[in-house]
Amino acid sequence: DDVNLLPGEGVPIEFARGCIFKCKFCSYPLIGKKKGTYIRDMSEVRDEMIKLWETRGTDSYYITDDTFNDDNDKIEALHRVFTSLPFKPKFSAYLRIDLINKYPHQADLLTEMGLIGTYFGLETLQPKSAIAIGKGLAPNKVKDRLYWLDERWHNKVNIASGFILGLPYD
């Protein structure tokens with residue numbers, strides 16, 4: 001129970017292990033897991049967040065899930081947890097843009113939960129390269145969704161992205 005945290009310090013927190021995707025360039029362990037597996041119990045999550053807030057004033061988190069929005073049911077369950085807390089959490093997380101494209105309501109759920117920063121692994125905006133590495137969303141749709149998110153999240157969420165240099169067709 002003795003936690004070495006400064007008052008109000010942001011902490012890493014994990015809600016689920018592994019990733020449902022099998023990106024051709026990825027070497028993380030636990031890739032290709034089934035949806036709905038390796039997810040923490042929601043009452044434990046809520047209890048942990050409340051305890052950290054009550055004992056250390058912690059309301060800021062960086063979520064360490066390999067892909068936070070990999071399961072829409074998980075996001076909806078965590079939305080219920082986060083919005084039921086006696087404080088307003090703030091967090092950053094790795095998200096998949098193709099899943100926000102598939103489930104656009106996640107954009108609002110995430111900001112209601114307290115999202116203030118995200119990182120998208122876009123990898124490429126070259127259509128042939130995207131196909132070669134198994135990215136599911138066409139680059140023109142990626143750009144459209146980014147513009148849409150910029151309008152929706154304007155000045156609320158910091159967005160960063162990563163690219164892989166030297167892919168085939170780049």
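Select E48 to begin: this residue is partly exposed, with a relative accessible area of 28%. Keep in mind that you are looking at a predicted model. Now add R40 and show both side chains; they meet in a salt bridge, 2.5 Å from N to O. R40 is partly exposed as well, at a relative accessible area of 24%.

**More charged pairs**

How many salt bridges does a search of the whole structure find? There are eight, and a few deserve a stop on this tour. Side chains of opposite charge can pair when their charged atoms come close.

Go next to R96 and D98, whose side chains form a salt bridge of 2.7 Å, N to O. Are these two residues buried or exposed? R96 is buried, with a relative accessible area of 6%. D98 has 17% relative accessibility, which is under the 20% cut-off, so D98 counts as buried too.

Then select D108 and R152, where the side chains meet in a salt bridge of 2.9 Å, N to O. D108 sits in helix α4 and R152 in helix α6, so this pair ties together parts that lie 44 residues apart in sequence. D108 is partly exposed at 28% relative accessibility, and R152 is partly exposed at 35%. For one more view of charged side chains, select D65, D70 and K74: salt bridges with shared partners join them into one network.

**Along helix α6**

R152 has already brought you to α6, so select the whole helix, residues 139-153. At 1.5 Å a residue, its 15 residues should span 21 Å; put a distance label between the end C-alpha atoms and you should read 20 Å, which agrees.

Colour P139, V142, R145, L149 and W153 next, as these are the buried residues of α6. Look down the axis: they cover an arc of only 115°, which puts them on the same side of the helix.

What covers that buried side? Show the residues around it and you will find, among others, the strands β3 (90-95), β4 (115-123) and β5 (158-163). Helices α3 (97-102), α4 (105-113) and α5 (127-133) also take part in the cover.

Now turn to the face of α6 that points away from the buried side. Which exposed residues does this face carry? They are D144, Y147 and E151.

For the last stop, step past the end of the helix to N155, which follows α6 and has a positive phi, near 60°.

Terms used. Residues are numbered from 1 along each chain as its sequence is written. This is a predicted model: local features need pLDDT of at least 70, side-chain atom pairs count only at pLDDT 80 or more; totals for chains, interfaces and linings use all residues. Side-chain values use heavy atoms; hydrogens and water are left out. Helices (H or I, at least four residues) and strands (E, at least two) are DSSP runs, numbered from the N terminus. The expected span of a helix is 1.5 Å times one less than its number of residues. Buried means under 20% relative accessible area, exposed over 50%, partly exposed in between (1.4 Å probe, protein chains only). The arc is that of the directions from the helix axis to the C-beta atoms. Contact means heavy atoms within 4.5 Å. A salt bridge is a side-chain nitrogen of Lys or Arg within 4 Å of a carboxyl oxygen of Asp or Glu.
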